[in-house]
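Student: I have not met this structure before. Could you guide me through the reading of its features, one at a time?

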Amino acid sequence: MSPPPDRSPIGANPVASHANEHRPAGRGARERRALWAALGANAALLIAEAVGGIVFGSLALLADAGHLLTDVSALAVSVAALHLARREPTAKHTFGFERAEVLAAQVNTLLLVGVMVWIVLEAVHRLADPGPVEATGMLFVATVALLVNAGSSLILARAAGKSLNMQGAYLHLATDAAGSFAAIIAAVLILGWGLRRADPVASLATAGFVAWAAFRLVRTTTHVLMEGAPRGLDAGEVELALLNTVDVVDVHHLHLWSLASDVPALSAHVVLAGEPTVADAQRRGEALKAMLAERFGIAHATLELECDEHAAGAGPEA
């Protein structure tokens, strides 16, 4: 005679989602192609702006080149982060290498701050004693830079999706485009009215763009490292969605955080109505995780399932 079906209540055994628990499905070849295209274009532009700034005596071009150096670094980090994300988790790194991009982004913030300080110091010096500037060459290089930065920004914007890694790279290029535009205005003012101080003033504007980008980057990465709730996700809304599911009578100990900038994760205790069998509870748990993935983009969910009868006597969370 076969044994009776298992009708034991569901207690402390977590049901975790392991299928595709790291990067979302949209991540892949399209993002890598966009990053490599932007990286190649901006590396070439970096050389052109640095040479142009030296040859034409333009601090605005050198400032934009300095900012561009951080962009090239950020793009390289973004490419490396995508490749790291494809590596399988190990015994020492059971969540994989998702947060490498977050740590690298904070290093990029330090580089941004260093560039900003150099720009400000040099601009203040040139405001007091503006040197000669070859405005025609400066205008040509800045125009090319604006076209390259705007084009690269558009490529990344189309591929970014919800990835903070991609959006961070886009932010770098967008602020660089603004710096190039400032250099164009300075060149026009020098050509038309001989206002040589327009060059250091444009550099200070670029420093402002750099400071804004650095602030945005450090705020976002620190939020991830401090296990803050993912951007765009509200814990109350997620809890309500779970409670509105059939057979769910209570949700508690709900936590939201990010494994990486665009990989949201959730853990929660979910109380099911009645006394479901192990198989029934597993099916309900999988249905809940499917709902979380489809509605909120939470592909990594760990649910502690409890039955209604035993929930009142359950001990505190470990």
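**Reading the model step by step**

Tutor: This is a predicted model. Let us begin with a helix: one may compare its end-to-end reach with the value expected at 1.5 Å a residue. Helix 6 (residues 198-225) has 28 residues and spans 41 Å from its first C-alpha to its last, close to the expected 40 Å. Just after helix 6, glutamate 227 adopts a positive phi of about 60°.

Student: How many helices and strands does the protein have, and in what order do the elements run?

Tutor: The protein has nine helices and four strands. Read from the N terminus, their order is β-α-α-α-α-α-α-α-β-β-α-β-α.

Student: How does one read the pairing of strands, and which strands does strand 3 pair with?

Tutor: For each pair, one notes the direction and the bridges. Strand 2 (residues 248-260) runs antiparallel to strand 3 and is joined to it by nine bridges. These two strands form a hairpin, with two residues between them. Within this pairing, leucine 256 has leucine 266 of strand 3 as its bridge partner. Strand 3 also pairs with strand 4 (residues 300-307), in the parallel sense and over eight bridges. Here alanine 265 is partnered with histidine 300 of strand 4, and histidine 269 with glutamate 304 of strand 4.

Student: Which element joins strand 3 and strand 4 in a β-α-β unit, and what is the handedness of that unit?

Tutor: The element is helix 8 (residues 278-296), and the unit made by strand 3, helix 8 and strand 4 is right-handed.

Student: Is strand 3 enclosed or open to the outside, and why?

Tutor: To judge this, one counts the buried residues, a residue being buried when its relative accessible area is under 20%. In strand 3 (residues 263-272), 10 of the 10 residues are buried, so the strand is largely enclosed by the rest of the structure. One may then look at the two faces. Val263, Ala265, Ser267, His269 and Val271 point one way, while Pro264, Leu266, Ala268, Val270 and Leu272 point the other, and all are buried. Strand 4 is mostly covered, with seven of its eight residues buried. For the protein of 318 residues, the buried share is 45%.

Student: Is aspartate 199 buried or exposed, and what does its side chain meet?

Tutor: One first places the residue, then reads its accessibility and its contacts. Aspartate 199 lies in helix 6. It is buried, with a relative accessible area of 1%. Its side chain makes a polar contact of 3.0 Å with the side chain of serine 58. Beyond its neighbours within four places in sequence, the residues in contact with aspartate 199 include Gly57, Arg126 and Met138.

Student: Where does methionine 138 lie, and which residues does it touch?

Tutor: Methionine 138 belongs to helix 4 (residues 135-160), and at 0% relative accessibility it counts as buried. Not counting residues up to four places away in sequence, it touches Phe56, Leu61, Ala187 and Asp199, among others. The C-alpha atoms of methionine 138 and glycine 52 are separated by 6.9 Å, although the two residues are 86 residues apart along the chain.

Student: What share of the contacts in the protein joins residues 24 or more positions apart?

Tutor: Among contacts with a separation of 6 or more, such pairs account for 78%.

How values were computed. Residues numbered from 1 in each chain as written. Predicted model: local features only at pLDDT ≥ 70, side-chain atom pairs only at ≥ 80, totals over all residues. Heavy atoms only, no water. Buried < 20%, exposed > 50% of the residue type's maximum accessible area, 1.4 Å probe, protein only. Pairing = 2+ DSSP bridges. Right-handed = clockwise from strand over helix to strand, strands pointing away. Contact = heavy atoms within 4.5 Å. Expected span 1.5 Å × (residues − 1). Polar contact = N/O pair within 3.5 Å; in protein donor to acceptor, adjacent residues only side chain to side chain.
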